[in-house]
Amino acid sequence: MKIIILGGGVIGVCTAYYLAKNGAKVTVIERQSNVSEETSFGNAGQISPGYSTPWAAPSIPAKAMKWLFQKHAPLAIRPDGTSFQMAWMRQMLANCNSDAYEVNKERMMRISEYSRDCIRALRDEIKLNYEHRTGGTLQLFRKPAQLEAMQLDTKVLDECGVPYEVLDKDGLVKAEPALAHATANLLGGLRLPNDETGDCNLFTKHLAEHCKALGVEFKFNTVIDEIIADNQKVIGVVANGETLEADSYVLALGSYSRKLAQNLGLDLPVYPVKGYSLTIDIIDESRAPCSTVLDETYKIAITRFDNRIRVGGMAELSGFDKSLKPARRKTLEMVTQDLFDGGDLANAKFWTGLRPMTPDGTPIIGATKFNNLFINTGHGTLGWTMACGSGKLLNDIVLGKTAEISLEGLNLSRYTKK
């Protein structure tokens, strides 16, 4: 079977690997000069199944109103001139209730837990090195209300059988000794010991080399112009003016998937949520994290690589604007100084990317009304966490295999049936 994958980020490359491993002849089309040069390049570095939490939570509407007037708010909204932005936000708000939250969180955790198992198996199989660590995620709480809200998350964790530890202030320092030097007033935390970390960019580039060894062809510097369909079948992809044909096609273009799908009459509710990161060289090991820490107040993650710290977070709803805003850098720097000041912050590398997010937080993985077009996008802030599991699931769907976990609620039909 010949398969064309549109997109060379971590989702597209993982999908290519599993398909090629199962005998498919795979071509990956990517507009950049290499894989993992856009959203997968500078993310927060977390593989965090236990923290697979929808942004659409019951408390978000009230919080969002406050954030609009705060200097270091984790969320910013700027009109992008499209009706889709407003429609997407309305859909997200419709999911901000306890019932929807539990359903969406279970779906996200289902994929994420499976994906964590997949990346462990993959790491053992092909000996990938991407500066990974297996020290878990530590979520930090600065406010009493956050400790109370944690109970909703631990309820779902219990139901899904995910281990966790509730920590007091002393427990935080035992888990992350450098927090003894923190200037922030921390009340406690939630530790998820099964979570992992790693450099997504390194992982994707190394995995792409294994894909090539399996016969995957990468067409770089290739802009995808159009997907051509006839009745219920895709018959080709126009890229750089050339029509490329295959038996099946996988749309894995992140935030850019929606535009191509629209031309086929598919309405993908995937919005580009802008995030930022800093990459900081470590100067003082004693003041650097051991694994990954998430500041719940500012929704910012601080992750340890070998000799670097990656600080990432925030969400801007501003369309496809990729400008680097100094105010966002100041927020990242402020949180870093509050918690771990052992890095060369003055010379940090500042980056931004667009995460493809659905209103309910769950990605869109599966078939479409076209019998040979499949979707693997909408992973939001958890693309790295869900990448291997999503790739393997899509492989099973395309090749007609029985998936190892339930596919309930994962494909586009959860939106089209409403």
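User: How far apart do the end C-alpha atoms of residues 2-396 lie, and how much of the span is helix and strand?

Analyst: In this predicted model the two end C-alpha atoms of residues 2-396 are separated by 15 Å, and the span is 34% helix and 26% strand; helices (H or I, at least four residues) and strands (E, at least two) are DSSP runs, numbered from the N terminus. The UniProt record, an unreviewed entry, annotates residues 2-396 as "domain: FAD dependent oxidoreductase", and such annotations, placed here in the numbering used for the model, may be inferred rather than shown by experiment. Residues are numbered from 1 along each chain as its sequence is written. Because the model is predicted, local features need pLDDT of at least 70 and side-chain atom pairs pLDDT 80 or more, while totals for chains, interfaces and linings use all residues, and side-chain values use heavy atoms, with hydrogens and water left out.

User: What makes the radius of gyration of the protein chain agree with a compact globule?

Analyst: The rule for a globule is 2.2 Å times the number of residues to the power 0.38, with the radius taken over C-alpha atoms. For 418 residues this gives a value near 22 Å, and the protein chain has 20 Å, so the two agree. The chain holds 11 helices and 20 strands, and its C-alpha atoms fill a box of roughly 60 × 45 × 40 Å along the principal axes.

User: Why is Ser 36 called buried?

Analyst: Buried means under 20% relative accessible area, exposed over 50% and partly exposed in between, with a 1.4 Å probe and protein chains only. Ser 36 has 2% relative accessibility and therefore counts as buried. Its place is the loop between β2 (25-29) and β3 (46-47), and its phi is positive, near 55 degrees, in a residue other than glycine. Most residues other than glycine have a negative phi.

User: Is Lys 127 buried or exposed, and what value shows this?

Analyst: Lys 127 has a relative accessible area of 66%, so it is exposed. Lys 127 lies in the loop between α4 (98-126) and β5 (137-141), and although it is not a glycine, its phi is positive at about 55 degrees.

User: Why is Ala 327 called partly exposed?

Analyst: Ala 327, in helix α9 (residues 326-339), has a relative accessible area of 45% and is therefore partly exposed.

User: How do you know that the side chains of Asn 376 and His 379 are joined by a polar contact?

Analyst: A polar contact is a pair of N or O atoms within 3.5 Å, where within protein one must be able to donate a hydrogen and the other to accept it, and residues adjacent in sequence count only if both atoms are side-chain atoms. The contact between the side chains of Asn 376 and His 379 is 3.5 Å. Asn 376 sits in strand β20 (residues 373-377) and, at 1% relative accessibility, counts as buried.

User: What puts the buried residues of α3 on the same side?

Analyst: The buried residues of α3 are Phe 84, Gln 85, Trp 88, Met 89 and Met 92. They cover an arc of only 135 degrees around the axis, so they lie on the same side of α3; the arc is that of the directions from the helix axis to the C-beta atoms. On the other side of α3, Ser 83, Arg 90, Leu 93 and Ala 94 are exposed. Among the elements that cover the buried residues of α3 are α2 (60-67), β14 (271-281) and β17 (308-317).

How values were computed. Contact means heavy atoms within 4.5 Å.
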